[in-house]
Amino acid sequence: RYYALQAREHFAPMALPGPTGEANSLQLAGRGVFVCISPWNFPLAIFLGQIAAALAAGNSVIAKPAEQTNLIGYAAVKLLHEAGIPQDVLQYLPGDGATVGAALTRDPRVAGVCFTGSTETARLINRALASRDAGPIATLIAETGGQNAMIADSSSLPEQVVKDALGSAFTSAGQRCSAARVLLVQDDIADKVIGMLAGAMAELSIGDPGLPSTDVGPVIDEDAKAILVEHAKRMDVEAKPIAKATLGEACEHGTFFAPAAWELHAIAQLDREKFGPALHVVRWKADELDTVIDTINATGYGLTLGIHSRIDATIERIVSRAKVGNIYVNRNQIGAVVGVQPFGGQGLSGTGPKAGGPHYLPRFATEKTVTINTTAAGGNASLLTLGD
């Protein structure tokens, strides 16, 4: 609905000012065929968001969901066709990235790709589009991974820090692009926060996500679980374990990974994002705030950042220096709302513009400017074209 309203507002011919005797207008139109490649962690919301934006901007769409969630994508496209979107305007093409995805991004008939997924895959898509010898210079809209941090200073409320860190790191089993991966706590309150974090994790209920009593469900598949298990083995040796949630009988069958937290010496101990319920805590001293921000920026990722502080100057200082797309102050850092908190990152975390925001839809479109000389006189008028 948001993209439909945006299209109605901005995609009608727009009058532009000009010299006396001249009428100017700007028109937006679709680029052509857009390939929409969506992730498995929001198999309906992101899948439909990409498609809706591309269609609203006047494109036709080939929709390829993640291979783990093909059935949800299939059901969604069936509903869209039933709602009146022609089948030749929206086509569903399941398959894996190495074959179907690669073939689509190499095809010279594709005018653009909208992708949400890993940074590594975004690079592959970018190279494939750039290597084409025919067709248009394609548009790439990408929202990718993050090494998302939450900074808490000594003025913050430890109870709120722990509550928001827990929700940000472990909701949806940590399988959100925006999930907190690193909690950076000022040394003055670190012991208290870490103790409370361990206590709160002991109360987590792991099991069937369909039950209201469940806090954390399984990860998506065995491959995802295996990556997390290997990471946990490394962290148990290289870092200081803080807590590990208990897996009960309900977790005997399924791809469950026990939510865990470790204390690190520095963010640099993490080589890349680990997509699951794994939280890493780093202490910092009062005179190290700028260094903390620089360290976050140095990762190259810039998707979400949480700030917990009751000092306005500290908040402003972090916001002004952090190269991050979405910053959340004194709350959790997940659950961006369309039209309120447009979502997207910087650097290794995405190309922009941000999904669910006012600048997203025009990225799917091309512009045409029309200038009319309104003073030209009837049959005696002669027109001279001077080129561009």
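# Close-up views of a predicted protein chain

**Figure 1. The protein chain as a whole.** Of the 388 residues of the protein chain, 47% count as buried. Please keep in mind that this is a predicted model. The secondary structure of the chain comes to 10 helices and 17 strands. Measured out along the principal axes, its C-alpha trace spans about 85 × 50 × 40 Å. Contacts often reach across the sequence: among those between residues at least 6 apart, 72% join residues at least 24 apart.

**Figure 2. The largest nonpolar core and its neighbour-rich members.** This core holds 57 residues, and I151, L183, L184 and L305 touch the most other members. Let us follow one of them outward. Leaving out residues up to four places away in sequence, L184 touches A149, M150, I151 and A152, together with I267, V282, W284, V292 and I296. Apart from this core lies another, of 25 residues, which includes F47, V77, I141 and Y360. As a general background to such views, nonpolar side chains in soluble globular proteins tend to be buried together.

**Figure 3. D164 and its surroundings.** Helix α6, which covers residues 158-170, carries D164. Is D164 buried or exposed? With a relative accessible area of 6%, D164 counts as buried because that value is under the 20% cut-off. The side chain of D164 is joined to that of H308 by a polar contact of 3.3 Å. Beyond its neighbours within four places in sequence, D164 is in contact with M150, N330, R331 and N332, as well as with H308.

**Figure 4. The largest cavity.** The structure holds 1 cavity of 30 Å³ or more, and about 50 Å³ of space lies in the largest cavity. Which residues line the largest cavity? The lining is made up of Q147, N148, A149, I296, T299, Y301, G302, L303, T304, L305 and V324. Strands β13 (301-302) and β14 (304-308) each supply at least two residues of this lining. By class, the lining has 6 nonpolar and 5 polar residues, with no charged residues. Two familiar names return here: L305 is one of the core residues that touch the most other members, and I296 is among the residues touched by L184.

**Figure 5. The largest pocket.** This pocket has a volume of about 1,100 Å³. Of the 41 residues that line the largest pocket, W40, Q68, G117, S118 and T121 are the closest to its centre. Helices α4 (97-106), α5 (119-130) and α8 (222-238) each supply at least two residues of the lining, and so does strand β6 (110-116). By class, the lining of the largest pocket has 18 nonpolar, 14 polar and 9 charged residues.

**Figure 6. The second largest pocket.** Here the volume is about 790 Å³. Of the 36 residues that line this pocket, those closest to its centre are A45, I46, V338, F343 and A355. At least two residues of the lining come from each of α1 (2-10), α2 (45-56), β6 and β7 (139-143). Which element gives the most to the lining of the second largest pocket? That element is α2, with 6 residues. The lining divides into 21 nonpolar, 11 polar and 4 charged residues. Strand β6 also appears in the previous view, where it supplies at least two residues of the lining of the largest pocket.

Technical notes:
Residues numbered from 1 in each chain as written. Predicted model: local features only at pLDDT ≥ 70, side-chain atom pairs only at ≥ 80, totals over all residues. Heavy atoms only, no water. Core = buried A, V, L, I, M, F, W, Y, C linked by side-chain atoms within 4.5 Å. Buried < 20%, exposed > 50% of the residue type's maximum accessible area, 1.4 Å probe, protein only. Contact = heavy atoms within 4.5 Å. Helix = DSSP H or I, 4+ residues; strand = E, 2+ residues; numbered from the N terminus. Polar contact = N/O pair within 3.5 Å; in protein donor to acceptor, adjacent residues only side chain to side chain. 1 Å grid on protein atoms, 1.4 Å probe; cavity = no way out; pocket = protein on both sides within 12 Å on 5 of 7 lines; lining within 4 Å. Points joined across faces, edges and corners; volume = space filled by probe spheres on them. Nonpolar A, V, L, I, M, F, W, Y, C, P; charged D, E, K, R; others polar.
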